[in-house]
Amino acid sequence: MSDWGTIPGLVRWSAERYADTEAVVEGRTRITYAQLGARVERAAAACLASGVRVGDRVAVWAPNSLDWIVSALGAVSAGAVLVPLNTRFKGTEAADVLRRSGARLLFVTGTFLGTSYVASLRRAAGTSEGLGHPLPGLPALEQVVVLADDAPQDFRTWKDFLATGEGVGESDVQARAASLDGTHLSDIIFTSGTTGRPKGAMITHGQTLTAYEIWADLAGLRATDRYLIVNPFFHTFGYKAGVIACLMRGATMIPQPVFNVDTALANIAAERVSVLPGPPTLHQSLLDHPSRDTHDLSALRLVVTGAAVVPLRLVERLRGELGVGTVLTAYGLSEASGIVTMCRRGDDPSVIASTSGRAIPGTEVHVVDAGGSPVPPGTPGEVRVRGFNVMRGYYEDPAATAETISPDGWLSTGDIGVLDPSGNLRITDRLKDMFIVGGFNAYPAEIEQLLGLHPDVADVAVIGVPDARLGEVGKAYVVRRPGSVLTSDDLIAWSRREMANYKVPRAVEFVGALPRNASGKVVKGELRGR
């Protein structure tokens with residue numbers, strides 16, 4: 001394994017090792033690894049000038065972009081713990097994670113997809129024009145930097161923020177980076193727990209570097225690769241299997257802020273993209289696009305997918321129709337640094353389509369029964385993992401940590417899976433009923449909690465149902481309050497205003513009562529049986 005030590009160590013190493021190689025392409029902007037290293041150092045200097053200390057939480061709420069990469073790596077180089085926020089969050093959801101993480105600094109996009117993130121945060125956390133505090137409802141948050149050319153009063157522009165670091169010397173930035181080691185936290189990735197309350201998985205520099213050097217090795221990522229990063233940076237898949245892996249190998253990053261098939265096809269052809277990880281829906285929509293044949297996709301050589309069932313036909317089409325040499329599947333969760341199992345190059349297509357591969361080096365995967373005893377191959381049970389990749393715990397939540405990680409280090413994933421005799425893992429059921437909407441994890445308990453806020457909803461249960469385009473979508477079974485005339489269209493429209501789009505139920509069925517067992521729990525199997 002390479003000895004980068006920390007993420008800033010990796011950034012500095014890649015700036016020297018791949019100095020003249022193109023690092024990031026964003027529209028007309030093209031920068032080399034040496035230039036990326038210099039930009040990250042400037043951002044780190046500005047973080048120091050702004051009072052960021054080792055261990056402070058710094059959040060980024062923005063789509064995939066060069067500014068995301070620079071602000072995040074700059075903060076981490078200054079010793080901060082990165083807290084990436086889901087770009088699909090509404091203001092209240094973002095404010096909750098900012099509040100609970102105690103973030104002191106936030107980098108936020110200007111307007112994205114027609115939404116002002118600053119305005120939605122202000123609605124959720126109050127406004128204080130001229131009072132010197134950007135968001136009074138978030139007292140720990142001292143500064144908000146808008147990744148744009150203009151910013152409201154009490155907020156700073158990206159340019160103004162970077163200018164504050166001009167008085168900080170290179171030696172100061174390097175001294176701060178040198179004060180870190182592999183045991184320091186590098187990020188807290190907030191997952192939506194099945195209780196509906198997001199929990200922050202704490203991961204260190206050492207865990208991140210070890211995991212994604214393995215990922216880059218197993219995937220066969222190389223310096224000549226050009227990597228279209230459609231997976232959102234707020235996911236481990238986008239940030240670590242994307243940005244971090246590219247830094248390790250000197251591959252060129254092409255961030256794409258939104259998944260749009262036309263844009264992806266144009267990017268793949270124009271930039272000679274060779275690497276395209278993403279959920280199966282991404283690859284399916286590329287293959288099925290009517291104008292696919294008018295684009296030159298011949299440079300594509302590596303696809304890594306997962307997060308859902310992968311049809312064997314998809315693997316065969318990627319290889320046959322697009323000539324993709326390597327198609328791999330993987331399985332991971334934030335609590336295990338985003339990676340647990342992965343297929344190996346050379347695995348049979350049926351193994352790649354029907355399993356998520358084998359445990360990565362340095363880790364163990366077991367499938368256990370309700371009593372925690374390992375079950376034989378072919379028998380379903382709960383997936384457990386142990387190794388260097390298991391998180392340090394949930395941020396400020398020792399009770400949830402103790403529930404999830406056993407005293408001897410086994411992480412309970414809550415996923416149901418089956419191991420074959422070769423150790424390949426097939427996930428058969430989702431994290432306590434979780435379903436995946438176009439690559440995004442959707443947790444019924446969280447959606448039920450939000451729907452329960454509607455004044456006309458007396459009781460509600462949500463399940464995932466198959467969808468041709470997105471893989472799965474939510475369906476809500478709702479008990480109306482007496483006298484209510486709430487319609488499904490009304491509730492869906494309300495949901496679109498109150499929650500991220502992937503959480504919004506696509507169908508609503510009104511029922512007189514929900515089926516419950518003797519202990520009062522909703523029997524979701526009965527709802528699925530309908």
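The following exercises, each with a worked solution, concern a predicted model of a protein.

**Exercise 1. Overall dimensions**

Determine whether the radius of gyration of the protein agrees or disagrees with that of a compact globule.

*Solution.* Step 1: the chain length is 530 residues, for which a compact globule would have a radius of gyration near 24 Å. Step 2: the protein has 23 Å, so the value agrees with the expectation. Step 3: along the principal axes, the C-alpha atoms fill a box of roughly 65 × 60 × 55 Å.

**Exercise 2. Architecture, burial and charge**

State how many helices and strands the protein has, what percentage of its residues count as buried, and how far apart the centres of the positive and negative side chains lie.

*Solution.* Step 1: the secondary structure consists of 17 helices and 26 strands. Step 2: among the contacts with a separation of 6 or more, 67% join residues 24 or more positions apart. Step 3: 57% of the 530 residues count as buried. Step 4: the exposed area is about 20800 Å², and carbon and sulfur atoms supply 50% of that area. Step 5: there are 52 positive and 56 negative side chains, and the centres of these two sets are 2 Å apart.

**Exercise 3. Thr404 at the end of a helix**

Establish which helix holds Thr404, whether Thr404 is buried or exposed, and which backbone oxygen its side chain reaches.

*Solution.* Step 1: Thr404 belongs to helix α14, which covers residues 398-404. Step 2: the relative accessibility of Thr404 is 12%. The cut-off for a buried residue is under 20%, so Thr404 counts as buried. Step 3: the side chain of Thr404 comes to 2.7 Å from the backbone oxygen of Ala400. Step 4: once neighbours within four places in sequence are set aside, the contacts of Thr404 are Met391, Tyr394, Trp410, Leu411 and Ser412.

**Exercise 4. Thr87 in a loop**

Identify the elements that flank the loop of Thr87 and decide whether Thr87 is buried or exposed.

*Solution.* Step 1: Thr87 sits in the loop between β4 (81-84) and α4 (91-101). Step 2: Thr87 has 13% relative accessibility and therefore counts as buried. Step 3: beyond four places in sequence, Thr87 touches Trp61, Ala62, Pro63, Phe112, Tyr117 and Phe234.

**Exercise 5. Positive phi outside glycine**

Give the phi values of Asp154 and Glu396, and describe where each residue lies.

*Solution.* Step 1: as background, most residues other than glycine have a negative phi. Step 2: Asp154, which is not a glycine, has a positive phi of about 75°. Asp154 lies in the loop between β8 (143-147) and β9 (156-157). Its relative accessible area is 24%, so Asp154 is partly exposed. Step 3: Glu396 also has a positive phi, near 50°, and is a residue other than glycine. Glu396 is placed in the loop between β19 (381-387) and α14. With a relative accessible area of 65%, Glu396 is exposed.

Step 4: Gln153 is likewise found in the loop between β8 and β9. The relative accessibility of Gln153 is 46%, so this residue counts as partly exposed. The C-alpha atoms of Gln153 and Leu98 are 20 Å apart, with their positions 55 residues apart along the chain.

**Exercise 6. Polar contacts of Asp467**

Find which backbone nitrogen the side chain of Asp467 reaches at 2.7 Å and which one lies 3.1 Å from a polar atom of that side chain.

*Solution.* Step 1: Asp467 is part of strand β24, residues 457-467. Step 2: at 27% relative accessibility, Asp467 counts as partly exposed. Step 3: the distance of 2.7 Å belongs to the backbone nitrogen of Leu470, and that of 3.1 Å to the backbone nitrogen of Arg469. Step 4: with residues up to four places away in sequence not counted, Asp467 touches Glu472 and Val473. Step 5: Asp467 and Asp172 are 295 residues apart along the chain, and their C-alpha atoms are separated by 53 Å.

**Exercise 7. Glu16 in helix α1**

Decide whether Glu16 is buried or exposed, and state how far apart Glu16 and Ala163 are in space.

*Solution.* Step 1: Glu16 is located in helix α1, residues 7-17. Step 2: Glu16 has a relative accessible area of 62% and is therefore exposed. Step 3: from C-alpha to C-alpha, Glu16 and Ala163 are 25 Å apart, and in sequence they are 147 residues apart.

Terms used:
Residues are numbered from 1 along each chain as its sequence is written. This is a predicted model: local features need pLDDT of at least 70, side-chain atom pairs count only at pLDDT 80 or more; totals for chains, interfaces and linings use all residues. Side-chain values use heavy atoms; hydrogens and water are left out. Helices (H or I, at least four residues) and strands (E, at least two) are DSSP runs, numbered from the N terminus. Buried means under 20% relative accessible area, exposed over 50%, partly exposed in between (1.4 Å probe, protein chains only). A polar contact is a pair of N or O atoms within 3.5 Å; within protein, one must be able to donate a hydrogen and the other to accept it, and residues adjacent in sequence count only if both atoms are side-chain atoms. Contact means heavy atoms within 4.5 Å. The radius of gyration is taken over C-alpha atoms; the globule rule is 2.2 Å times the number of residues to the power 0.38. Accessible areas come from the Shrake-Rupley method with a 1.4 Å probe; for residues, only the protein chains shown count as cover. Lys and Arg count as positive and Asp and Glu as negative; His and the chain ends are not counted. The place of a charge is taken as NZ of Lys, CZ of Arg, CG of Asp or CD of Glu.
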